[in-house]
Amino acid sequence: MPDLSFLDTPGLLPAFVEENRPRAHGAGLDPYEYARVTAPLTSPHDWPAACRAAGHRHAGAAERAAAEGRTVTAGERYRSAARWYHFAGLLPHPDRAAAAQAAAEADEAMRRALALLDPGAERVEGEGFAGWLRRPAAGREADGSGGRAPVVLVVPGMDSGKEEFHAVADTLLARGVAVLAVDGPGQGVLAAGSAPEPEYHRVVGRALDALAGRAGLDPDRTAVIGLSLGGHYAAVAAAREPRLRAAAVVSGPYRLDWEGLVPFVTATLAQRCGGYRAARAFVERIDLTALAPAITVPLLVVEGGEDRIPGVTAATVLAEHAPDAELLLVPHGNHLLGTALPDWLPATADWLTARLTG
């Protein structure tokens with residue numbers, strides 16, 4: 001079992017709450033509700049139950065709205081429930097059964113939300129991945145291939161899941177791009193039964209295989225966007241999956257140094273990898289030094305100037321070594337740039353769309 005004694009460190013709770021405030025905003029949680037949910041907490045151990053309770057409140061409100069025929073309200077409340085259930089799993093907590101249940105609840109709430117808000121959404125899953133495919137509204141497909149939309153895969157990070165990045169999906173959909181948001185090994189609904197996969201290009205490849213032949217999609221115009229550790233995964237896929245036309249890396253690590261990582265990160269990885277030895281072996285493989293020159297597709301590296309995590313070499317180095325890379329540096333952005341959404345998300349969606357339609 002990971003050493004979770006750091007959870008009892010004095011002052012950790014307010015620091016954790018404050019650190020995740022921009023992340024909650026970026027995920028679409030109401031900032032005032034976030035304050036109300038987190039204010040009564042007295043220990044980090046209370047975090048999962050409080051977030052799940054918030055999810056339950058939204059799910060209950062969604063059920064009542066659906067029973068009254070208020071489908072849009074119901075869908076929006078289910079989507080909020082999915083976000084809160086996902087946030088319940090951010091902390092490396094000893095109750096892993098509760099974490100698995102919260103991930104399942106997030107997955108189910110997202111299913112219900114999409115059934116009401118985007119009935120054309122399709123569940124797509126296979127070996128090592130599970131996600132949702134959403135298409136742009138009819139007639140809004142990005143230019144280029146007879147009404148067939150290009151596709152962007154959205155890849156989450158170490159403790160992320162597909163329920164966290166609605167804003168990324170919605171921004172791409174508005175530009176006529178289809179989106180497949182996935183949980184991969186060790187992520188989201190798959191976290192309880194699998195370990196993180198450093199060879200993530202295999203996951204991306206299987207996801208692309210699953211999209212083949214589906215109506216309204218152009219398999220020759222695919223890209224990937226990865227966030228946090230998912231940014232590293234996206235870079236690996238860009239180097240090794242030849243079907244990708246472009247990639248965006250958001251707050252992704254270029255390299256990890258086990259000795260420099262904080263206990264929150266090492267404990268989370270130990271839980272998800274199956275122990276500290278496996279976690280350390282995983283971390284040692286998170287290094288793009290040899291792979292960067294092989295990323296020959298257009299690559300956008302998005303970084304926040306305030307994103308400083310011990311033990312993490314940021315992907316700004318990747319922008320220097322990949323042959324066709326651009327750097328979008330937002331000086332006031334933090335990790336995942338929840339403090340700077342208008343300064344990176346529209347531009348990144350425009351960049352991806354242009355690379356898939358040009």
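Residue C51 is buried in this predicted model, and its relative accessibility is 1%. A second cysteine, C273, has a relative accessible area of 15%; because the cut-off for a buried residue is under 20%, C273 counts as buried as well. As for links between cysteines, the structure holds zero disulfides.

**Helix 1**

Helix 1 covers residues 12-27 and has 16 residues. From its first C-alpha to its last it reaches 22 Å, close to the 22 Å expected at 1.5 Å a residue. The helix has a kink of about 35 degrees at R21, shortly before the proline P22. After helix 1 comes G28, a residue with a positive phi near 100 degrees.

The buried residues of helix 1 are L13, F16, V17, N20, P22, R23, A24 and A27. P22, the proline that follows the kink, is thus listed with the buried residues of the helix. The cover over these buried residues includes helix 2 (31-38), helix 3 (47-67), helix 4 (71-87) and helix 9 (263-273).

**Aromatic residues**

A pair of aromatic rings is described by the distance of the centres and the angle of the planes. The count for this structure comes to six aromatic pairs. Two of the pairs, both involving W47, are set out below.

| Pair | Distance of centres | Angle of planes | Arrangement |
|---|---|---|---|
| F16 and W47 | 4.8 Å | 80 degrees | edge-to-face |
| Y34 and W47 | 6.3 Å | 70 degrees | edge-to-face |

The pair of F16 and W47 links distant parts of the chain, with F16 in helix 1 and W47 in helix 3, 31 residues apart. F16 and W47 are both buried. In the other pair, Y34 lies in helix 2 and W47 in helix 3, so this pair ties together parts that are 13 residues apart in sequence.

Why are both edge-to-face? Planes over 60 degrees apart count as edge-to-face, and the planes stand at 80 degrees for F16 and W47 and at 70 degrees for Y34 and W47.

The accessibility of W47 and Y34 can also be stated. W47 is buried, with a relative accessible area of 0%, and Y34 is buried at 1% relative accessibility. F16, Y34 and W47 belong, together with W84 and F264, to one aromatic cluster.

**Nonpolar cores**

The largest nonpolar core has 52 residues. Within this core, the residues with the most contacts are L153, L180, L211, F282, I295, L299 and L318. Helix 8 (residues 229-240) supplies the largest share of this core, namely seven residues.

What is L153 in contact with, leaving aside its neighbours within four places in sequence? Its partners are L180, V204, A207, L208, L211, A223, V224 and I225. Two of these partners, L180 and L211, are themselves listed with the residues that have the most contacts inside the core.

A second, separate core has 29 residues, among them V177, V330, A340 and A349.

**Residue H201**

H201 lies in helix 7, which covers residues 201-211. Is H201 buried or exposed? Its relative accessibility is 14%, so H201 counts as buried. Not counting residues up to four places away in sequence, H201 touches V236, A237, R240 and E241.

Note on methods: Residues are numbered from 1 along each chain as its sequence is written. This is a predicted model: local features need pLDDT of at least 70, side-chain atom pairs count only at pLDDT 80 or more; totals for chains, interfaces and linings use all residues. Side-chain values use heavy atoms; hydrogens and water are left out. Helices (H or I, at least four residues) and strands (E, at least two) are DSSP runs, numbered from the N terminus. The expected span of a helix is 1.5 Å times one less than its number of residues. The bend at a residue is the angle between axes fitted to the seven residues ending there and the seven starting there. Buried means under 20% relative accessible area, exposed over 50%, partly exposed in between (1.4 Å probe, protein chains only). Contact means heavy atoms within 4.5 Å. A disulfide is a pair of cysteine sulfur atoms within 2.5 Å. Rings of Phe, Tyr and Trp (its six-membered ring) pair if their centres lie within 6.5 Å; planes under 30 degrees apart count as stacked, over 60 as edge-to-face and the rest as tilted. A nonpolar core is a set of buried Ala, Val, Leu, Ile, Met, Phe, Trp, Tyr and Cys residues joined through side-chain atoms within 4.5 Å.
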